[in-house]
Amino acid sequence: MTLYDGRVNMIKKFEVENFKGFKNKLTFDLSAREYEFNKNLIVNDIVNKAIVYGKNGVGKSSLGIALFDIIWHLTDKERMPNKYLSNYQNLDSELDYSIFHYEFQFDEDEVIYEYAKRDPENLIFETMWINKKLVINYHYFLPEQKFVDKELVGDLNIELLDNRLSVVKYIYRNTPTKNELPLTKMMQFCENMLWYRSLSDGNTYCGFTNGGTGLVERLYESGRVHDFEEFLNSNGLNYSLRFLNNNGVHELMATYDEGKKMAPFVLLASTGTMALFLFYIWSISAFDKISFLFIDEFDAFFHFESAENIVKRLNKAKQFQTILTSHNTYLMQNQLTRPDCCYIMTENRITSLFNSTDKELREAHNLEKMYVNGVFNE
């Protein structure tokens with residue numbers, strides 16, 4: 001895994017309005033607070049490792065889907081049409097478009113990017129500020145509002161763009177790529193965002209790549225079957241694994257009785273074990289490249305000890321920002337997290353534990369007990 005080199009590439013605030021269940025503006029502020037413990041969860045005063053809690057139906061999954069809407073028009077990476085092409089706008093809103101607002105920090109540069117859409121593919125406007133300077137204010141249906149800073153485009157003609165083609169993406173693809181430019185950093189950040197979820201009836205992901213082979217084939221190609229055994233062992237699962245070549249198809253086999261007996265691993269593995277398999281494959285194939293990771297209901301099939309193990313592994317990876325959604329309040333402990341890294345989500349509101357109470361929260365406090373006892377305002 002690539003070692004963290006001190007660069008800051010993060011989302012520090014996100015807002016969305018009139019999207020799916022979010023009728024009113026929802027603000028997700030990832031500003032950190034002053035704590036002297038678990039400083040590895042914070043980078044440049046921004047929460048690098050967040051866990052979002054909330055009751056069923058409050059919008060935890062929709063939060064991730066909203067955050068990854070940006071993938072549709074700025075990148076060519078994997079999409080989830082079934083998540084976006086129906087009920088895109090809130091059915092109770094008077095607005096006729098959805099609004100998305102991102103605030104990024106890239107080293108010393110702040111980039112604010114806002115846009116509106118009627119549906120996943122049809123843009124209404126895009127605006128961008130770089131270090132508080134307006135550089136793009138482009139409305140696709142107002143001829144008088146098509147401002148783009150000349151320093152970004154040079155002689156590039158952007159007057160007649162179709163609203164299905166982002167002006168930001170068009171500029172990025174048709175001007176010399178300079179890695180030090182904030183716009184380039186934002187585009188590369190978006191191209192390396194990853195959302196995934198493990199379900200009992202299959203796995204889903206968005207962003208980062210396109211297509212790809214199955215889990216077993218990816219493990220075979222990695223040559224890390226023994227490392228995978230150790231990973232399972234660290235989660236209390238003892239397997240002896242090997243590959244068989246069955247007419248050109250690589251089968252992952254669990255072996256018993258010193259290899260005299262064997263059976264396909266995927267037929268023996270529980271739903272939770274397969275969820276661990278999925279996490280492991282993403283960890284070896286993507287975690288040295290991604291910029292942002294969102295795992296929806298990451299521990300839905302995990303024992304609490306496996307959930308804790310995954311959180312500890314992710315907490316060590318400072319080179320990308322992570323957001324997890326969970327119902328597991330056992331993870332709400334200061335040994336794993338902090339009051340400013342735990343968020344409570346209710347309908348159209350998401351707030352850190354720090355901002356959910358007037359009480360001073362210290363390292364010795366039992367956050368889970370306080371949450372169960374209603375100390376935090378929801």
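**View 1. Strand β16 and its two parallel neighbours.** Strand β16 (residues 292-295) is covered on both of its faces, since F292 and F294 on one side and L293 and I295 on the other are all buried, where buried means under 20% relative accessible area, exposed means over 50%, and partly exposed lies in between (1.4 Å probe, protein chains only). Helices (H or I, at least four residues) and strands (E, at least two) are DSSP runs, numbered from the N terminus. This is a predicted model, in which local features need pLDDT of at least 70 and side-chain atom pairs count only at pLDDT 80 or more, while totals for chains, interfaces and linings use all residues. Residues are numbered from 1 along each chain as its sequence is written, and side-chain values use heavy atoms, with hydrogens and water left out. Strand β11 (residues 193-199) runs parallel to β16 and is joined to it by 4 bridges, and two strands are said to pair if DSSP finds at least two bridges between them. Within β16, F292 is the bridge partner of M193. Strand β17 (residues 321-326) also runs parallel to β16, again with 4 bridges, and there L324 is the bridge partner of I295. From β16 the chain crosses through helix α11 (residues 304-315) to β17, and this β-α-β crossover is right-handed, a term used if, with the strands pointing away from the viewer, the path from the first strand over the helix to the second runs clockwise.

**View 2. Two nonpolar cores.** A nonpolar core is a set of buried Ala, Val, Leu, Ile, Met, Phe, Trp, Tyr and Cys residues joined through side-chain atoms within 4.5 Å. The largest one has 70 residues, and those with the most contacts inside it are F104 and M186. Helix α6 (residues 182-191) gives the most to this core, with 5 residues. Not counting residues up to four places away in sequence, M186 touches L74, F104, F106, V111, Y113, M128 and V168, where contact means heavy atoms within 4.5 Å. Apart from this core lies another, of 56 residues, which includes A275, I281, V311 and L331.

**View 3. An open sheet with a helix lying across two of its strands.** This open sheet of 3 strands has the order β13-β14-β15, with antiparallel pairing. Its edge strands are β13 (241-246) and β15 (261-264), each of which pairs on one side only, and the twist averages 45 degrees from one strand to the next. Strands β13 and β14 (residues 249-256) run antiparallel and are joined by 6 bridges, with L252 in β14 as the bridge partner of F243. Helix α8 (residues 225-234) lies across β13 and β14, running at about 135 degrees to β13; axes are lines fitted to C-alpha atoms, for helices over the stretch in contact, and angles run from 0 to 180 degrees between N-to-C directions.

**View 4. Two buried residues of strand β6.** S98 lies in strand β6 (residues 98-106) and is buried, with a relative accessible area of 0%. The side chain of S98 reaches the backbone oxygen of N18 at 2.5 Å; a polar contact is a pair of N or O atoms within 3.5 Å, and within protein one must be able to donate a hydrogen and the other to accept it, while residues adjacent in sequence count only if both atoms are side-chain atoms. Beyond four places in sequence, the residues that S98 touches include E17, F19, Y88 and Y115. Q105 also lies in β6 and is buried, with a relative accessible area of 10%. A polar atom of the Q105 side chain lies 3.4 Å from the backbone oxygen of D109.

**View 5. Strand β2 beside strand β1.** Along strand β2 (residues 26-29) the side chains alternate, with L26 and F28 pointing to one face and buried, while T27 and D29 point to the other and are not buried. Strand β1 (residues 9-17) pairs with β2 in the antiparallel sense over 4 bridges, and D29 in β2 is the bridge partner of K13.

**View 6. Helix α1 and its surroundings.** Because 7 of the 8 residues of helix α1 (residues 60-67) are buried, this helix is largely enclosed by the rest of the structure. The buried residues of α1 are K60, S62, L63, G64, I65, A66 and L67.
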